[in-house]
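Below are some notes on the model, set out as numbered points. Please read them with the structure open.

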Amino acid sequence: NNGEGNDNSNHQQQFDCPICYEIMEDPAGCGQCSNRFCYKCIVQVGRQQNSKCPCCRCELRLSNITRDGDLQRRIQSAETTSCNFCGQAGLKLQELKMHEDICPAINVRCRYSSFGCAWTGPRKDLESHEKQCPLHNVQGLVTQLRVQQQLVTQLQQVANNSNQMIELHSQNLARVQSNKSPGHLLHMLELAYVTTCIPARYLADRSTSWTHFERSREGKAAVHNFFTFMPTAVLCMRILANAIDQMFELEHAENSEHLLDLILDLLLSYSITMLGVVAISCCFVESQSSWEWQCHERWSRMLGKPHPVIRDMVAISLLTVYFSVMDLLGGGKNAIIIWMFCLLTSLFFPAVVLTVVGSSDLNFVSVYHRTPTQIMKAGRAFPVVIFGLRYGFLANLVGASSCLDAIILYRLCLHYKILKRDYVLDMDCFISDVPSPNFWLSLCGFRISVILGLAHFEDGNLSLNDLMLPIIISVASFIVLIMMDRAISELAELGVRMGKTIHQAGRNGLGPRNEPPPGREYNQTGMLVFGIWCASIGVIALAR
């Protein structure tokens, strides 16, 4: 019998719970190791403060506990066994515990053991012992004491549960208070610093401090819009500061011509500032969604089809802003440098930050498979800002009419598949909403007639110089537009690649349990990106 009992014990050991040492009921694991426990046992351990897995000692979270259906089926289909106490055979593992609760041979203690009775023996002798137990004569008093003891135990349990609830609420409150908000300027700037310079710290804290940025599409869109609009806002504030300085120069004007120039520059500066305010205000008015522009019913009825009119208003406002800023700065080398820094900070840096942010969101494509198209479509700021930068620069460089010619040629080449479609073209605001080639062919014919009409006739012949010059300028504008779009595409792809590199370095810096590294391990690539961004914003802020 002893040998058979040992065989049963060895057979059952693989199904024993390491916590209660009984056959497992509803097997479950901690989510970090291969050990299994009773579901109730591991949940009870997980509800304790600073709980850890009894086997692997990793941090135990209730959300990570998973049931093991395969093990449950193995237990149910296991071979029959026999009781180690009475020897009854043919018992299933699931029935063994129920049998032990009534087994007559198992040793039990007297019901009055908690009050001083030291007897232990087989369950079959329990009834006869309790009739002879010295404490049986004071059964009423013992029963009252037992009830009071149970009441005290229940009260202690309630107190423990209350303390756990208070601790849980305190942790949730601390987490909410420490959560960063997309609507807070300093939190946005902190996000830029953490995601680039210390990405491992961001990845470790993303589920606590950066929840609003990490787990919602609105948060990612807010990040995209903020860093895309920020250079434009800084530029407008700088122009406003220049306008204030010019106000104090009015009384020191040398002559009336100088005074008139100062007044015109002052009016232009205020106009630029107001257009920037209008563009940003439209973004706040359009607050239903941060990643797409809404089609308002009133404007849709007027136009006969759904159309995001506010998007086009913002795009035209930003085009005018950048055109006027370059004109105010003289349109020379300084203006081109400021434009390049605006393009760099409005496109490259948002792509880097947004590639690092949101790697655990199931609704957002995996960080290792993100493309510039997906990154740029995360928010609604990219189309309007890039529209203003592209056409504001081109119109200032070659003139409005040549800029229009370049757009016409671009759209016709796109329709006839001479040029490959690019995501920059798909975000060309209202220009992209005119798919019909007939419109662009008609506009092309109109522009040719205007050029012919403006050309001079000499001795009844058309002047070749007056005819070829605007055509050459229009073709050159078309080439410049192609080069700009290619540069924008390459810059966005570079930002995505840089973001993936920083994200991978952050992942490598995490501990085995995704804990943050000791101290602050700075990422050199991210620090370089962050330094370039800060320097570019500084150049824009000091533009004159």
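1. In this predicted model, helix H7 meets helix H21 through Leu189, Ala192, Tyr193, Thr196 and Cys197 on the H7 side and Gly526, Met527, Phe530 and Trp533 on the H21 side. Seven of the residues in this contact are nonpolar and two are polar, while none is charged. H7 covers residues 185-197 and H21 covers residues 524-541. The angle between the two helices is about 145°, and their axes lie 7 Å apart.

2. A nonpolar patch on the surface is made up of Met468, Ile471, Ile472, Val475, Ile479 and Met483. Together these residues have about 530 Å² of accessible area. One of them, Met468, belongs to helix H20, which runs over residues 464-509. Met468 is classed as partly exposed because its relative accessible area is 35%, a value between the limits of 20% and 50%.

3. The salt bridges number nine. Among them is the pair Arg67 and Asp26, whose closest N and O atoms are 2.7 Å apart. This pair joins distant parts of the chain, with the two positions 41 residues apart. Arg67 sits in strand E3 (residues 66-67), and Asp26 is in the loop between helix H1 (2-13) and strand E1 (27-29). Asp26 has a relative accessible area of 30%, so it is partly exposed.

4. How far apart along helix H5 are Lys131 and Glu127? They are four residues apart in this helix (residues 126-132), which means that about one helical turn separates them. Their side chains form a salt bridge, with an N to O distance of 4.0 Å. Lys131 is exposed, at a relative accessible area of 59%, and Glu127 is also exposed, at 55%.

5. Another salt bridge pairs Asp312 with Arg311, and here the closest N and O atoms are 2.9 Å apart. Are these two residues buried or exposed? Both Asp312 and Arg311 are buried. In the pair of Lys131 and Glu127, by contrast, Lys131 is exposed and so is Glu127.

6. Ile106 is found in the loop between helix H4 (93-100) and strand E4 (107-109). Why is Ile106 counted as buried? Its relative accessible area is 15%, and the class applies because this value is under 20%. With neighbours within four places in sequence left aside, the contacts of Ile106 are Phe85, Glu100, Gly121, Pro122 and Arg123. The C-alpha atom of Ile106 is 8.8 Å from that of Asn84, although the two residues are 22 positions apart along the chain.

7. Some totals for the protein follow. Its secondary structure consists of 21 helices and seven strands. The protein has 544 residues, of which 40% count as buried. About 30100 Å² is exposed, and carbon and sulfur atoms account for 57% of that area. Among contacts with a separation of 6 or more, 65% are between residues 24 or more positions apart. The salt bridge of Arg67 with Asp26, 41 residues apart, is a pair that links distant parts of the chain.

Technical notes:
Residues are numbered from 1 along each chain as its sequence is written. This is a predicted model: local features need pLDDT of at least 70, side-chain atom pairs count only at pLDDT 80 or more; totals for chains, interfaces and linings use all residues. Side-chain values use heavy atoms; hydrogens and water are left out. Axes are lines fitted to C-alpha atoms, for helices over the stretch in contact, and angles run from 0 to 180 degrees between N-to-C directions. Contact means heavy atoms within 4.5 Å. Ala, Val, Leu, Ile, Met, Phe, Trp, Tyr, Cys and Pro count as nonpolar, Asp, Glu, Lys and Arg as charged, and the others, Gly among them, as polar. Patches are made of residues with over 30% relative accessible area and no salt bridge: like charges are joined within 9 Å, nonpolar side chains (Val, Leu, Ile, Met, Phe, Trp, Tyr) within 5 Å. Accessible areas come from the Shrake-Rupley method with a 1.4 Å probe; for residues, only the protein chains shown count as cover. Buried means under 20% relative accessible area, exposed over 50%, partly exposed in between (1.4 Å probe, protein chains only).
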